[in-house]
Each structure stands twice: as C-alpha cells, then as structure tokens.
Amino acid sequence: MLPVSLQTSFPKGMLMTQRVRITINGKLFESDVEPRLLLTDFIRGVAGLTGTHVGCETSICGACTILANGLAVKSCTMFAVQADGSDLVTIEGMAKDGQLHPLQQSFWEEHGLQCGYCTTGMIMCAHQLLARNATPTEAEIRDGLTGNLCRCTGYQNIVKAVQSASGKMRQTQNVAAGD
Amino acid sequence: MIAQHFEYTVATSLGEAVSLLQKYGDRAKLLAGGHSLVPMMKLRLASPEVLIDIGRLSELSYVMEENGALRIGALTTHHSIESSEVVGRGCRSLAEAAGEIGDIQVRNKGTIGGSVAHADPAADYPATLLAFDATIVTLGPRGERSIHASDFFVDMLTTALEPGEIVREIRIPVHSGRSGSAYLKFAQKASGFAICGVSAVVDLDGAGAISKVAVGITGVGNKAFRGAGTETALRGQQPSPGLLRSACEKAAAGVVALDDIHASAGYRLDLARIYARRALEKAVERAG
Ligand SMILES: Cc1cc2nc3c(=O)[nH]c(=O)nc-3n(C[C@H](O)[C@H](O)[C@H](O)COP(=O)(O)OP(=O)(O)OC[C@H]3O[C@@H](n4cnc5c(N)ncnc54)[C@H](O)[C@@H]3O)c2cc1C
Ligand code: FES
Ligand code: FES
C-alpha cells in the first residue's frame with residue numbers, strides 16, 4: 001500500500017541545501033534552497049514576486065499558476081529544484097512597457113474579477129489556453145479553466161474577459177501581419 | 001503542507017536512473033511529473049529520503065507507431081498524448097482518456113509512466129490499457145520486462161513493478177480495418193478523478209458483426225477491470241441498441257465496488273453498466 005517512511009536521514013539543524021538558478025520574467029534568480037521548498041515559495045519568498053497567489057496549496061485551485069518553459073503549471077505542485085534552469089513567466093511579466101497584456105486589460109474591462117485572488121492564476125492559465133487555441137468557444141474556455149477556482153465572480157465575466165482578450169490578441173496579430 | 005526533508009538528484013539518462021535506484025534502494029523514489037507524488041509528500045503520506053528526478057529525461061518522451069503498435073515513452077505528458085495525432089488515429093480512447101485527466105495544468109506536468117506506476121484506482125488510463133491489451137515495458141537491474149496490463153495492475157496503488165524497476169514504455173497494439181474506440185468518464189466534480197470511466201474498443205467484420213470487443217472499466221473497483229461478461233455477450237453478434245443494453249447488464253458482474261462519500265457501491269455499479277453501453281455505442285459508431 002502507501003509507502004510510508006516518516007524517518008528522515010537528516011538530523012535537525014543540518015539541512016541540506018542545493019543551488020538553483022531560475023529565470024523569472026527574464027531575470028535570473030540564484031539561491032541555495034532546501035529541496036523541499038515549493039516553487040511557489042521560491043517565487044514569492046526568494047524572488048519577492050507576490051503576484052503568484054497560494055489559495056489551497058493542494059493542487060486544486062490554480063491560484064498559483066505560472067508558465068514554466070511556456071507551460072501553465074501549478075507552482076505549488078512542484079519543488080523549486082525541479083525548476084532549476086527553467087524560464088518562468090508570472091503575472092508580473094505580462095505587462096510590457098507600461099501596457100497591460102490584452103488579458104489583463106480584458107479582465108479589467110469585463111469585470112472579470114472581484115477580490116482578485118484567483119485572477120493572476122486565471123490569467124496565466126487563460127494565456128496557455130489562447131496560445132493553443134486562439135479562438136476558443138465558450139465551452140472550450142470553461143473547460144480550459146477547470147483547474148482554476150473563483151469564489152467571487154461566478155465565472156461569467158471571466159469567460160467574457162477571455163473572449164474579449166482572444167479578439168484583441170487576434171487583432172494585434174493581424175496588424176502585425178499587415179492585414 | 002511542507003514535505004519532509006529529502007535529498008534531490010537528477011537522472012540524466014535512463015541508465016543512470018536505474019543505477020541511482022539501485023544505489024539508494026527503498027530510501028528513494030522516482031519523481032516524474034510529480035502530480036501524484038508531490039501532493040502525497042506535502043501531506044506526508046510519502047516521505048522518501050531521496051528523490052531521483054527523471055522528469056528531465058526527454059529520451060523517454062515520445063509517441064510513435066511501429067509494426068502495428070503505438071509506443072509511448074513513460075515520460076510523455078498527458079497533454080502530449082491528448083494532442084498527439086498518432087495516438088488519436090491509433091488509439092482514440094487513450095487520447096480521450098488523457099484529455100479527461102484533471103485540468104490543463106495537471107496535463108502539462110503529469111506523465112503516463114507516473115500514472116501507471118502510481119496505479120490510482122480512479123486513474124483514467126488503466127481502462128484503455130486493459131481494453132487494448134497494452135504492455136508495460138520496464139527496465140531494472142535485471143534487464144527489460146514486458147508486462148501485460150492485466151498483470152501489471154495488481155491492486156489499489158499496487159503494481160507488478162519490482163524494486164529498482166522503472167517503467168520505460170507503454171505499447172498498445174493498433175487495431176486495423178473497421179475498428180473504433182471511445183473513453184467516457186463520470187468524474188468526481190472537485191478532483192476530476194473517475195468515479196466511473198469506461199473504455200470500449202470494437203472491431204467489425206465485413207458483415208458488420210462484432211469480431212473483437214473489449215471493455216475496460218476504472219474508478220469502480222479496487223483496480224481497473226475488463227467487463228468480460230459484456231464482451232462474451234457481444235462477440236460474433238450484430239450490434240443493436242437492445243443487444244448492447246442487455247450485454248452491459250453484466251459489465252461489472254462479480255466486482256466489489258468502491259463505496260465512499262463521492263458515490264455508493266450501488267451507484268458505481270449502475271454507472272458501470274450505463275457508461276459501458278454509451279462507450280460501446282460510440283465505439284461501434286466510430287467503427288462505422
Ligand atoms: C489536481 C489533480 C487532478 C488529477 N486528476 C486526475 C484524473 O482526473 N485522472 C487521472 O488519471 N489522474 C489524475 N491526476 C493524477 C495525475 O494524472 C498524475 O500525473 C499521475 O497520476 C502521476 O504521474 P506523474 O508523472 O505526475 O508521476 P509522479 O507523481 O512523479 O510519480 C507517481 C509515482 O509513480 C512513480 N513513478 C513515476 N514515474 C515512474 C516510472 N517511469 N517508472 C516507475 N515508477 C515511476 C513515482 O516514484 C511515484 O511513486 C490528478 C492529479 C492532480 C494533482
Ligand atoms: S495554491 Fe496551487 S493549486 Fe491552489
Ligand atoms: S475574484 Fe475573488 S476569487 Fe476570483
């Protein structure tokens with residue numbers, strides 16, 4: 001059955017640490033950490049980027065979602081050592097040159113948030129969704145965000161925000177492509 | 001919510017992973033996507049002294065079709081399986097099962113090797129692996145073994161893996177000709193895990209009769225199982241709604257169903273009958 005071994009080989013006070021190098025939003029953070037440090041705690045505690053939230057710490061709510069090497073992941077379900085050498089994007093990396101990302105802009109315009117606790121994770125997951133499917137249907141948006149819980153909005157305006165961002169992002173792509 | 005201390009090592013090749021496992025013995029655990037192990041470590045249901053991270057072994061992340069079989073590397077993520085054209089063509093119910101796992105974030109990290117090694121009774125893949133007579137290929141200090149899915153899943157969270165063995169590949173025979181498969185799942189709303197998941201595969205002969213049929217059922221019992229009674233009742237028959245309905249009465253015959261806050265045993269057995277019928281209907285339709 002469950003492999004349970006509650007002993008540890010490390011005597012108290014003699015904690016082993018390991019050096020990790022993690023790039024977050026283009027900036028390299030280097031630190032000696034205990035292997036058991038969660039990636040969320042590295043982002044918030046070591047890098048000081050508190051936009052990534054901790055809702056449940058049990059892999060359910062999605063508030064801690066970030067992009068790791070381009071993939072949306074729940075950073076509470078990874079150890080920081082697993083991300084050694086990775087390139088992360090958190091909510092702080094979304095706005096460019098003082099311009100909100102279309103997703104941020106749309107969440108604001110469509111009232112996609114109330115308390116805002118779930119919002120940063122929602123935006124990072126929605127970013128992954130739109131990267132894979134630029135024109136999702138309402139059902140696809142709802143399905144894509146099942147790993148992100150919101151206690152305030154009832155999701156209606158979150159869906160609208162993602163739809164609106166999808167339109168904005170296609171428009172900028174068209175402009176960039178010269179249509 | 002903080003795991004016990006552990007030592008962390010990264011395996012840079014499959015061979016190195018095997019020798020690290022041998023070196024540390026039962027003090028160590030492999031870490032793949034971490035989406036079963038990390039939650040268990042945080043709850044201190046598992047406290048390995050050493051983690052051997054195989055999550056970076058890109059050599060074990062692949063999907064290919066060769067000599068009539070799909071070969072899927074153990075480190076292939078649920079997302080890669082869900083979105084693989086090769087899997088969609090060769091084993092649609094596996095692609096559907098992968099797409100039903102958890103959510104986008106979980107599918108980006110979790111791997112098929114980790115899922116089969118963990119052997120959660122509510123995991124999605126086992127239903128399809130049983131229905132397709134898949135083989136789990138392992139590598140250990142004594143070399144490679146090929147284990148049939150029906151022998152691999154021994155009990156809840158228990159597999160035929162021996163100490164020191166690593167799952168390296170999943171092999172799935174591809175059905176040719178008029179063949180269809182489907183995976184349907186009734187999920188527990190909060191976790192997404194299967195309360196009942198059914199994978200069906202049907203081959204039709206030239207006259208439209210069922211030449212081969214298999215039904216794999218997960219989430220209902222201690223481990224996934226085949227709906228043998230249903231299969232027997234269908235083999236050689238012309239599929240019809242009435243026949244499928246009556247055959248599925250036997251879908252979970254003789255199985256002791258799980259009974260918990262999410263669903264009673266009786267409810268699970270009912271779901272097994274209904275989802276077996278729906279999955280078979282879909283597989284027949286796809287066999288065309
Ligand atoms: C929120 C959430 C929802 C989920 N929902 C579902 C769901 O709906 N359906 C479902 O099926 N699963 C679900 N899962 C589980 C998920 O699919 C896991 O990814 C999977 O069970 C384990 O794969 P992993 O790569 O993450 O393995 P890990 O967690 O890294 O490892 C799991 C176990 O397998 C061992 N192991 C890993 N790889 C190998 C290998 N190659 N050889 C030998 N042993 C190995 C490890 O030592 C460990 O004991 C969910 C998980 C979460 C967190
Ligand atoms: S804090 Fe990570 S999923 Fe809830
Ligand atoms: S806005 Fe409050 S939890 Fe979503």
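Between which chains does ligand 1 lie? In this predicted model, ligand 1 is placed between chains A and B, and the description below begins with the surroundings of the ligand before turning to the elements of each chain.

The shell around ligand 1 is made up of 32 residues, of which B:Leu30, B:His35, B:Leu37, B:Thr111 and B:Asp124 are the closest. By residue class, this shell divides into 14 nonpolar residues, 14 polar residues and four charged ones. Several contacts to the ligand are made by the backbone of chain B: an oxygen atom of ligand 1 lies 2.7 Å from a backbone N or O atom of B:Ala32, and a backbone N or O atom of B:Gly33 is found 2.8 Å from an oxygen atom of the ligand. For B:Gly192, the corresponding separation between a backbone N or O atom and an oxygen atom of ligand 1 is 2.9 Å. On its own, ligand 1 has 960 Å² of accessible area, and the protein covers 95% of this. Two or more residues of the shell are contributed by each of the elements β2, α7 (112-118) and β10 (166-173) of chain B, and the largest share, four residues, comes from α7(B).

Strand β2 of chain B, one of the elements that contribute to the shell around the ligand, spans residues 28-31 and runs parallel to strand β3 (residues 50-53) of chain B, to which it is joined by four bridges. Within this pairing, B:Lys29 stands opposite B:Leu51 of β3(B). Between the two strands, the chain passes from β2(B) through helix α2 (residues 37-42) of chain B to β3(B), and the resulting β-α-β crossover is right-handed.

Elsewhere in chain B, an open sheet of four strands is present, in which the order is β11-β12-β13-β14 and the pairing is antiparallel. The edges of this sheet are formed by β11 (179-187) and β14 (225-226) of chain B, each of which pairs on one side only. The pairing of β14(B) with strand β13 (residues 210-218) of chain B is antiparallel and extends over two bridges, with B:Ile217 standing opposite B:Phe225 in β14(B).

Among the helices of chain B, α5 (residues 92-100) has B:Ser93, B:Leu94, B:Ala95, B:Ala97 and B:Ala98 as its buried residues. This helix, α5(B), is followed by B:Gly102, for which phi is positive, with a value near 45°.

Chain A, on the other side of the ligand site, contains five helices and five strands, and these elements follow one another from the N terminus in the order β-β-α-β-β-β-α-α-α-α. The chain comprises 179 residues, 46% of which count as buried. A:Ile22 is located in strand β1 (residues 18-24) of chain A, and this residue is counted as buried because its relative accessible area is 0%, which falls under the 20% limit applied to buried residues. The C-alpha atom of A:Ile22 is separated by 10.0 Å from that of A:Leu39, a residue 17 positions away along the chain.

Definitions and conventions
Residues are numbered from 1 along each chain as its sequence is written. Chains are lettered from A and ligands numbered from 1 in the order in which they are written. This is a predicted model: local features need pLDDT of at least 70, side-chain atom pairs count only at pLDDT 80 or more; totals for chains, interfaces and linings use all residues. Side-chain values use heavy atoms; hydrogens and water are left out. Two strands pair if DSSP finds at least two bridges between them. A crossover is right-handed if, with the strands pointing away from the viewer, the path from the first strand over the helix to the second runs clockwise. A residue is near a molecule or strand if one of its heavy atoms lies within 4 Å of it. A polar contact is a pair of N or O atoms within 3.5 Å; within protein, one must be able to donate a hydrogen and the other to accept it, and residues adjacent in sequence count only if both atoms are side-chain atoms. Accessible areas come from the Shrake-Rupley method with a 1.4 Å probe; for residues, only the protein chains shown count as cover. Ala, Val, Leu, Ile, Met, Phe, Trp, Tyr, Cys and Pro count as nonpolar, Asp, Glu, Lys and Arg as charged, and the others, Gly among them, as polar. Buried means under 20% relative accessible area, exposed over 50%, partly exposed in between (1.4 Å probe, protein chains only).
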